[in-house]
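Work through the exercises below with the structure open. Each task is followed by its solution.

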Amino acid sequence: MPDPWDHPDWYDLHDTTWTAGPEREPEHYRELVLALPPLGAENHLVDVGAGTGKLSVLIARGYPKLGRITLLEPNQNKLDRAQVRVKELLPDAMIHPLSAGVGEGAALPKATAAVVTVGSVLMPVMEFRGGTLHQGLAWLRAALNDLHDLAGPEGWLFDLESLAAPWDRGSEEDPVRRLTMAELTDEFLRAGFQNVECVYRFRDRVILKSRPRSAR
Ligand SMILES: C[S@@+](CC[C@H](N)C(=O)[O-])C[C@H]1O[C@@H](n2cnc3c(N)ncnc32)[C@H](O)[C@@H]1O
């Protein structure tokens with residue numbers, strides 16, 4: 001396929017406009033909260049790559065009776081901030097901060113979550129780790145295996161991502177890049193997730209909902 005940027009009409013339509021842009025971010029995160037099942041005192045949420053708590057805070061505002069939340073984040077300073085923010089909103093909840101990441105061989109809790117959320121982690125982390133696409137996919141597959149175990153057979157996974165642009169290309173030996181929707185969906189299926197559904201999309205911004213198969 002020729003590079004779409006070489007086509008003058010395509011160029012004029014898309015110049016600086018393909019990626020959704022930061023102004024879409026509140027909608028993107030809000031849609032994830034709206035896609036969740038109801039959460040209450042009996043439920044456990046695991047927020048993977050919680051950062052400073054942006055997504056957990058939105059969920060805590062929507063579900064102030066949430067019983068238990070695990071914040072998984074390898075950056076200790078961000079994790080500390082996320083913990084403080086969530087504690088303010090959920091003073092009665094059990095809050096477990098866990099300084100760890102997925103896809104790194106860390107020992108992680110298994111299969112007690114009603115919902116596992118991943119807010120803009122898989123594609124950016126895969127990209128920022130560098131190397132080839134082959135190496136990126138190896139990390140992604142390990143990360144998805146961890147997410148599969150974290151969710152367990154009763155859990156749902158909600159993954160908010162920004163995908164590859166239409167002009168991104170390259171095989172496994174080329175530099176790492178973000179994945180297309182079809183590629184990412186295939187990786188979910190390969191890791192043992194089922195019912196993979198896109199519950200939101202605006203240009204590169206997507207939310208995928210899925211649940212693990214009970215036995216892999
Ligand atoms: C783009 S930020 C998103 C943070 C937060 N979820 C949000 O939506 O604001 C990506 C986060 O993933 C974390 N991270 C890096 N490596 C990770 C890994 N292996 N597993 C989980 N999270 C990781 C980073 O420290 C960073 O906080």
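**Exercise 1.** In which loop does glutamate 104 lie? Then classify glutamate 104 as buried or exposed.

*Solution.* The model is predicted. Step one: find the flanking strands. Glutamate 104 sits in the loop between strand 3 (94-98) and strand 4 (115-119). Step two: count neighbours. Glutamate 104 has 12 C-beta neighbours inside 10 Å. Step three: apply the cut-off. A residue with 12 or fewer is exposed, so glutamate 104 counts as exposed. Step four: take a distance. Leucine 55 is 49 residues from glutamate 104 along the chain, and their C-alpha atoms are separated by 22 Å.

**Exercise 2.** Describe the shell around the ligand.

*Solution.* Start with the count: 19 residues surround the ligand. Gly49, Gly51, Lys54, Gly101 and Gly119 come nearest. Next, sort the shell by class. Eight residues are nonpolar, seven polar and four charged. Finally, look at the helices. Helix 3 (54-62) and helix 5 (122-129) each supply at least two shell residues.

**Exercise 3.** Lay out the fold, then assess how compact the chain is.

*Solution.* First, count elements: seven helices and seven strands. Their order along the sequence is α-α-β-α-β-α-β-β-α-α-β-α-β-β. Now compare radii. The chain has a radius of gyration of 18 Å, close to the 17 Å from the globule rule for 216 residues, so the chain is as compact as a globular protein of that length. Then take the extents. The C-alpha trace spans about 60 × 35 × 35 Å along its principal axes. Next, burial: 35% of the 216 residues count as buried. Last, contacts. Among those between residues at least 6 apart in sequence, 73% join residues at least 24 apart.

Note on methods:
Residues numbered from 1 in each chain as written. Predicted model: local features only at pLDDT ≥ 70, side-chain atom pairs only at ≥ 80, totals over all residues. Near = placed C-beta within 6 Å. Helix = DSSP H or I, 4+ residues; strand = E, 2+ residues; numbered from the N terminus. Nonpolar A, V, L, I, M, F, W, Y, C, P; charged D, E, K, R; others polar. Rg over C-alpha atoms; globule rule 2.2 N^0.38 Å. Buried ≥ 20, exposed ≤ 12 C-beta atoms within 10 Å, placed from the backbone. Contact = placed C-beta atoms within 7 Å.
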